[in-house]
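Reader: I should like to learn how the features of a protein model are read. May we go through them one at a time?

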Amino acid sequence: MAKEKVPGRKLIAQNKKARHDYHIIDTYECGLVLTGTEVKSLRQGRASLVDGFIQIDGHEAWLHNIHVPEYTQGTWTNHAARRKRKLLMHRAEIDKLEAKSQETGHTIVPLALYFKDGRAKVEIALAKGKKEFDKRQTMRERQDMREADRAMSAVRRRQRSA
């Protein structure tokens with residue numbers, strides 16, 4: 001009995017810290033080579049991308065250091081929680097990423113792990129590390145936007161009640 005493909009995107013894990021620590025230059029969607037127990041564990045919504053990174057070895061992209069816990073009903077067939085996983089990308093994309101990541105300060109980080117039409121996908125990004133003042137500036141801008149939104153909504157509330 002084959003399972004039906006569920007259309008749409010079901011988010012499993014997100015790396016919010018990556019958007020805080022890096023300037024995102026370009027994003028890519030990749031497939032993953034997974035074992036059966038890894039897929040079952042991901043379907044339960046269990047994964048962490050916090051320490052993950054992508055390394056390119058011999059024209060192949062590998063996802064390192066993401067944590068997919070062992071499947072609870074798994075037996076001796078269970079997977080290692082932090083093993084490296086191969087990414088499925090076109091050769092041209094891999095070559096482009098490899099060339100860009102060689103530049104100083106650039107790295108490749110995972111942003112999100114999700115199911116798209118029943119298949120496990122990972123969104124990766126070519127990123128450049130932020131300095132400490134860049135992080136503070138981003139937080140300040142976000143806070144200013146929040147305050148402006150609050151002020152505008154307060155004015156709208158007063159206009160409605162008047």
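Author: Let us begin with the hairpin of S3 and S4, which has two residues between the strands. Gly58 takes a positive phi near 55° there. Strands (E, at least two residues) and helices (H or I, at least four) are DSSP runs, numbered from the N terminus. This is a predicted model, in which local features need pLDDT of at least 70, side-chain atom pairs count only at pLDDT 80 or more, and totals for chains, interfaces and linings use all residues. Residues are numbered from 1 along each chain as its sequence is written, and side-chain values use heavy atoms, with hydrogens and water left out.

Reader: How many bridges pair S3 with strand S4?

Author: Two strands pair if DSSP finds at least two bridges between them. S3 and S4 (residues 60-64) have five, in the antiparallel sense, and Ile54 stands opposite Leu63 in S4.

Reader: Which side chains along S3 are buried?

Author: In a regular strand the side chains alternate between the two faces of the sheet. Buried means under 20% relative accessible area, exposed over 50%, and partly exposed in between (1.4 Å probe, protein chains only). In S3, Ile54 and Ile56 point to one face and are buried, while Phe53, Gln55 and Asp57 point to the other and are not buried.

Reader: What is the order of the strands in the open sheet?

Author: The seven strands follow the order S1-S6-S7-S2-S5-S4-S3, with antiparallel pairing. Strand S1 (9-14) and strand S3 (53-57) are at the edges with a single partner strand each, so one side of each has no neighbour in the sheet. From one strand to the next, the twist averages 40°. Axes are lines fitted to C-alpha atoms, for helices over the stretch in contact, and angles run from 0 to 180 degrees between N-to-C directions.

Reader: Which helix packs on the sheet?

Author: Helix H2 (residues 36-43) does, touching S1, S5 and strand S6 (106-116). The direction of H2 makes about 75° with that of S6. Contact means heavy atoms within 4.5 Å.

Reader: Why does the end-to-end distance of helix H4 agree with its expected span?

Author: The expected span is 1.5 Å times one less than the number of residues. The 30 residues of H4 (residues 132-161) should therefore span 44 Å, and the end C-alpha atoms are 44 Å apart. The buried residues of H4 are Lys135, Thr138 and Ala154, and they pack against helix H1 (16-21). Asp144, also in H4, is partly exposed, with a relative accessible area of 43%.
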